[in-house]
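Dear colleague,

Please find below the structure that I am handing over to you, with its sequence. A summary of what was found in it follows.

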Amino acid sequence: MPIRKTAALSRTARSKDLAPWGGGAFMARSDDKIENAKRDAAAHYARIREAGGALSYCIDYVHHIEGLKGEGEPAVIRERGAAFPRTAVRLAAVGAVQSARSEGVDSETLDETLKWARAAWVHSAGRYVDQPFGGGGPETADLPNAQVVAIIRKAAETRKARAAEQWDRLVDSDVESLATLALIGREAAKPVSRKDRWIGNAILAGLTAAGVAYGLSNSYLSVKVDQPFDSELGFQQHRDATARVLNHTTLMSLTVPRSGILKLAFGWPMRPTEDEREAFTRFGREVFSSWRGLAAVGDLICGGAEPPEDDLLEIIRNVNDGINLQEPPIGGTGRYQSLIIRSLLRTYPAPAPCK
């Protein structure tokens with residue numbers, strides 16, 4: 001590229017101060033790492049200005065890299081005293097692009113600038129040029145240690161491929177992210193669009209509502225037990241509470257595969273309250289008392305004087321499910337005790353064995 005085309009561009013770069021950290025995305029963070037990067041960047045830009053501007057710096061660096069190549073030559077591991085630390089090279093590449101896109105720069109100069117800037121950006125990733133101080137000459141791996149050289153070159157090619165991908169993806173759409181990437185090793189955070197913000201808020205609101213609903217589910221699903229057993233509403237409350245206690249007991253006793261997920265999901269909503277447990281106990285006592293009374297009269301019910309111990313919960317469930325509220329009461333007994341007795345006689349008739 002002719003020098004006369006770079007001189008004006010270099011002056012433009014110097015006049016713009018080449019300060020990519022002035023963008024809002026970068027200034028949005030003010031931690032110590034950012035402040036240190038800004039101080040280092042100031043020193044890098046001083047070096048770039050002394051070299052004649054961003055584009056001249058890039059061109060000189062590419063020529064420098066070309067001079068280090070060649071088969072049979074030592075492989076450079078780290079250029080300790082180099083005038084081209086990686087951060088400065090990358091900032092110069094970004095500054096050259098920003099200046100070349102200024103008003104009045106012709107398309108040919110812009111194309112040449114992009115070529116040199118990209119080459120500098122990619123090459124800087126392939127060589128260890130991030131330590132401008134430290135004294136001494138470059139560390140080298142002398143041939144014919146081909147294994148060491150191969151490892152170094154493979155790692156370098158991987159870094160260069162990544163750098164090329166970053167440059168090609170961001171140079172036209174988000175140069176500021178390239179500047180941030182040069183300074184702190186990561187791209188600038190992309191602003192959240194209004195649509196994404198609405199979606200995120202909707203998801204957050206949904207999760208919050210689901211969490212609140214889950215927390216309140218136990219209270220919502222619980223049976224209110226505030227009426228005496230010997231009343232229409234109270235008897236139904238005791239039956240509903242009994243069903244909840246038995247369903248929760250069945251859930252907690254599951255041992256089939258993946259039952260742990262069910263227990264985790266439904267354990268809290270189905271967990272009976274203290275009032276429900278007391279109602280279940282009262283209903284269960286009525287079932288056992290009625291069983292014993294039928295067994296004492298004669299062969300009115302299967303089994304012995306006591307219900308089978310292993311089937312107690314199942315008996316309570318079956319009696320509860322078998323109650324018919326339309327049946328008339330039995331003489332000498334209360335209405336609700338009669339409903340339990342009729343359900344027992346229908347579900348566990350004698351002389352058939354209990355199932």
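In what follows, buried means under 20% relative accessible area, exposed means over 50%, and partly exposed covers the range in between (1.4 Å probe, protein chains only). The accessible areas themselves come from the Shrake-Rupley method with a 1.4 Å probe, and for residues only the protein chains shown count as cover. Helices (H or I, at least four residues) and strands (E, at least two) are DSSP runs, numbered from the N terminus.

This is a predicted model, in which local features need pLDDT of at least 70 and side-chain atom pairs count only at pLDDT 80 or more, while totals for chains, interfaces and linings use all residues. Residues are numbered from 1 along each chain as its sequence is written, and side-chain values use heavy atoms, with hydrogens and water left out.

Helices and contacts between them

Helix α5 (residues 86-100) is largely enclosed by the rest of the structure, because 13 of its 15 residues are buried. From its first C-alpha to its last, α5 reaches 21 Å, close to the 21 Å expected at 1.5 Å a residue; the expected span is 1.5 Å times one less than the number of residues.

Val287 belongs to helix α12 and is buried, at 0% relative accessibility. Its C-alpha atom is separated by 7.6 Å from that of Val319, although the two residues are 32 apart along the chain. Leu246, in helix α10 (residues 232-252), is also buried, with a relative accessible area of 3%. The C-alpha atoms of Leu246 and Leu313 are 7.2 Å apart, with their positions 67 residues apart along the chain.

Salt bridges

Side chains of opposite charge can pair when their charged atoms come close. A salt bridge is here a side-chain nitrogen of Lys or Arg within 4 Å of a carboxyl oxygen of Asp or Glu. The structure holds 11 salt bridges.

One of them joins Asp168 to Arg118, with the closest N and O atoms 2.9 Å apart. This pair links distant parts of the chain, since Asp168 lies in helix α7 (residues 146-170) and Arg118 in helix α6 (residues 107-126), 50 residues apart. Asp168 is partly exposed at 43% relative accessibility, and Arg118 is partly exposed at 32%.

A salt bridge within α7 brings together the side chains of Glu157 and Lys160 (3.7 Å, N to O); these residues are three apart, about one turn of the helix. Glu157 is partly exposed at 47%, whereas Lys160 counts as buried at 19%.

Glu327 and Arg346 also meet through their side chains in a salt bridge (2.6 Å, N to O). Glu327 lies in the loop between α13 and α14 (335-347) and Arg346 in helix α14, so the pair ties together parts that are 19 residues apart in sequence. Glu327 is buried, with a relative accessible area of 16%, while Arg346 is partly exposed at 41%. In addition, Arg162, Glu165 and Arg169 are joined into one network by salt bridges that share partners.

A charged surface patch

Glu309, Asp310, Asp311, Glu314 and Asp321 gather in a patch of negative charge on the surface. Such a patch is made of residues with over 30% relative accessible area and no salt bridge, like charges being joined within 9 Å. Asp311 is located in the loop between α12 (274-297) and α13 (312-322) and is partly exposed, with a relative accessible area of 32%.

With kind regards

Notes:
Patches are made of residues with over 30% relative accessible area and no salt bridge: like charges are joined within 9 Å, nonpolar side chains (Val, Leu, Ile, Met, Phe, Trp, Tyr) within 5 Å. Lys and Arg count as positive and Asp and Glu as negative; His and the chain ends are not counted. The place of a charge is taken as NZ of Lys, CZ of Arg, CG of Asp or CD of Glu.
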